[in-house]
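Student: I am new to this structure and would like a careful, close look at a single part of it before moving on to the rest. Please take me through that part and then connect it with its surroundings.

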Amino acid sequence: MKKSIFCIAVSCLVVTTAFGQISNATLTGTVTDSTGAVLPGVTITATNNATGVVSTVLTNEAGAYTIQSLLPGIYTVSGDLPGFQKQNYEKVDLGNAVTVRLNFTLQVASQAQSVEVTIAADTLLATSSPTIGQVLTEKKVSDLPVVGNNVLDMLTVLGGLDNFVATSGPGQSAFGRESATLAGVSAGFTPVLRDGIMVQDTRYPTGINSATVINPDLVGEVRLIVAPVDAELGRGNGAVQISTRSGTNQFHGAGVWNVQNTALNPNSWSNNRSGIPPNWNNNHQLTGSIGGPIIKNKTFFYALYDMNINRQRANTYAVVLTPCARNGVFRYFDTWNNGAVGVPTVTTGNPTTAVVNLDGTPKTPATNPNGTPYTGKLNYSSVFGPVTFPASGPNADCSNGTVTGSWDPFRTKLDPTGLIARTTALMPSPNDFTNANGALTGVDGLNLASYRYVRGFRGLDNLFSVGESTGDRKQYNGRVDHNFNPKHKANFNFSYERVASDDVLAALPGTWSNENFHQPIVLNANVVSTVSASLVNEAKFGYHRTGTNVIAPWDRDVNQEGINKYLPPEFNGFRILQDITAVIGICIPITGSRLPENC
């Protein structure tokens, strides 16, 4: 399953109207004197405190101004006109795709002096847009703890999101995300925008996700919209807007080593209550980032590398043949259906009762289904023909039986060289005669029982590969911002990752797992040109690719030796693949079973 999405948006922006999905901020307002009269020709300057990039406009004859396509960040905004006191707004936080209105009132200057005003960013955001939403600034994203370092998991601290399934840590799952809702509507219809480009677009509802994992150190701001009004927010009843981080005039870097291990994590309350130890998990995530100037006040870069290594072990139950059944001898009691240890007795319909002890030995029922004392016996039936045993009775694996005659002249005994012999050789002896996990419905205790063991695997992914955090991942991210001059600017950013994980796990020790891998990529380029005081042209290009690739066990190099010993010889150059299903623990013998289910 692969999909590629191209998005090219070219929009012409006038002073009062904006079209398209804009990812940068806009400053607007009016300038008056102390009497309320408008002041044309006032120089309005917005200076990015981090990069030193300056954007300047003049107020028009109505005293109005607009500065568009400002990179999100902290700004100093000033209004200056000869003969008037200069007025500054300090620490103006411009977020992703927001419009902030700053009005100036200039006083007549008796001497050179200026007025400074410090304002709260949250107040600006609340009063400048009819859209209802919440913002996580770069500082909040950096300060808030999150297990697994996927910024989308931080959305749980904001209102309006329900039934959210995390990508890592407590509650993690690769499945079940179709139940997530935002503002009461399925999250599958919630656009996730990265720098104005859609990065969520899968065939099925998979909740809120992104083509790649988004590390908090990659993010400049996260904005969760729960009641969109602005046209640029596009489809749906909500939106998630993410702006990526850019470099500044100073070099800054960071290194993070995030360790999650069962020894460091508490067990769940239900597991503690039942005396069940937690499944073993060992996850290491290493992140390194650096950003700074290429040319001060002009060109900047930011780069981030993210790596994840995951190993897990889980208690697993697989169905295997009992020793007698491995020799083709199946057992049953008269008048009863076989039941494993602990199975409740059912006397109506298909009468069933427990017919095996904890050690696997047969257990004679005490009564008939009608409640009278039991009068039946344990029967032995061989798949090869009528079988008899010596007076001493069958031995533990029923190998001392004698078959007289045959049900099928072409099947008189077990073929020690055939596929079935190689399949049963992969099965260990049963060590659990209960139906402990409740899902192995074929377990009857006498012929089919469970093999309980701790199964190791690498990562976990779903069929959509929508930004899971649990596989072995290597991710590369970069961004470059360049200011040609005050009227023309451009930026480019990308993310590319390689993720591999075990998908359909080996059912039994010595068998083989599938491998899932995907290589999503996100590209984004943006060029903004101020053509005139009333016309701005923005060209945006976006591309993202997602998709899952499943490598069957017989196509993995690491499995070739074992697979070739198991499969029949090739026929005219073609490999022969068997399909053994039902409740035998091999499942489809060379593809195992998908977590969290068992064979």
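Student: In which strand does Thr-76 lie?

Tutor: Thr-76 lies in strand β6, which covers residues 73-80. Please keep in mind throughout that this is a predicted model. With a relative accessible area of 18%, Thr-76 is buried, because buried here means under 20%. The side chain of Thr-76 is joined to that of Asn-49 by a polar contact of 3.1 Å. Asn-49 also appears in the wider set of residues that Thr-76 contacts once neighbours within four places in sequence are left aside, and that set further includes Thr-45, Ala-46, Thr-47, Tyr-89 and Glu-90.

To place this one residue in its setting, it helps to step back to the whole chain. The protein chain has 599 residues, of which 49% count as buried, and it contains six helices and 36 strands. If one takes the contacts between residues at least 6 apart in sequence, 65% of them join residues at least 24 apart.

A second buried residue can be read in the manner used for Thr-76. Gln-312 is found in strand β21, which spans residues 299-321, and its relative accessibility of 15% is why Gln-312 counts as buried. Its side chain makes a polar contact of 3.0 Å with the side chain of Asn-310. Not counting residues up to four places away in sequence, Gln-312 touches Trp-280 and Asn-281, and it also touches Arg-455, Gly-456, Phe-457 and Gly-459.

Some of those partners lead to another strand, β28, which runs over residues 448-457 and holds Tyr-451. Tyr-451 has 18% relative accessibility and therefore counts as buried. When residues up to four places away in sequence are not counted, Tyr-451 touches Thr-316, Tyr-317, Ala-318 and Val-320, together with Pro-428, Ser-429, Asn-431, Leu-508 and Pro-509. From C-alpha to C-alpha, Tyr-451 is 8.6 Å from Phe-433, and the two are 18 residues apart in sequence.

Val-499, in strand β30, gives a further example of a separation along the chain set beside one in space. The C-alpha atoms of Val-499 and Asn-308 are separated by 8.9 Å, while these residues stand 191 places apart along the chain. Val-499 counts as buried because its relative accessibility is 4%.

The loops deserve a look as well, since the strands do not tell everything. Asn-297 is found in the loop between β20, residues 280-295, and β21, and its phi is near 65°, a positive value in a residue other than glycine. With a relative accessible area of 44%, Asn-297 is partly exposed, because that class lies between 20% and 50%. Thr-335 is likewise not a glycine and has a positive phi of about 70°, and its place is the loop between β22, residues 329-333, and β23, residues 337-339.

A covalent link comes next. Searching the whole structure finds one disulfide, and this disulfide joins Cys-324 to Cys-398 with an S to S distance of 1.9 Å. The pair links distant parts of the chain, 74 residues apart, with Cys-324 in helix α4, residues 323-326, and Cys-398 in the loop between β26, residues 387-388, and β27, residues 402-403. Both Cys-324 and Cys-398 are buried. The torsion about their S-S bond is about 70°, so the disulfide is right-handed.

Finally, there is the empty space inside the model to consider. Rolling a probe the size of a water molecule over the atoms shows where such space is left. The structure holds six cavities of 30 Å³ or more, and the largest cavity contains about 190 Å³ of space. Its lining is made by 19 residues, and those nearest the centre of the largest cavity are Ser-69, Leu-71, Asp-481, Asn-483 and Lys-489. Two or more lining residues come from each of β3 (43-48), β5 (64-70), β29 (472-485), β30 (488-502) and β33 (521-532). By residue class, the lining of the largest cavity divides into eight nonpolar, nine polar and two charged residues.

Technical notes
Residues are numbered from 1 along each chain as its sequence is written. This is a predicted model: local features need pLDDT of at least 70, side-chain atom pairs count only at pLDDT 80 or more; totals for chains, interfaces and linings use all residues. Side-chain values use heavy atoms; hydrogens and water are left out. Helices (H or I, at least four residues) and strands (E, at least two) are DSSP runs, numbered from the N terminus. Buried means under 20% relative accessible area, exposed over 50%, partly exposed in between (1.4 Å probe, protein chains only). A polar contact is a pair of N or O atoms within 3.5 Å; within protein, one must be able to donate a hydrogen and the other to accept it, and residues adjacent in sequence count only if both atoms are side-chain atoms. Contact means heavy atoms within 4.5 Å. A disulfide is a pair of cysteine sulfur atoms within 2.5 Å. On a 1 Å grid over the protein atoms alone, a cavity is a set of points where a 1.4 Å probe fits but cannot get out, and a pocket is an open set with protein on both sides within 12 Å along at least five of seven lines; lining residues have an atom within 4 Å of a point. Grid points are joined across faces, edges and corners, and a volume is the space filled by probe spheres set on the points. Ala, Val, Leu, Ile, Met, Phe, Trp, Tyr, Cys and Pro count as nonpolar, Asp, Glu, Lys and Arg as charged, and the others, Gly among them, as polar.
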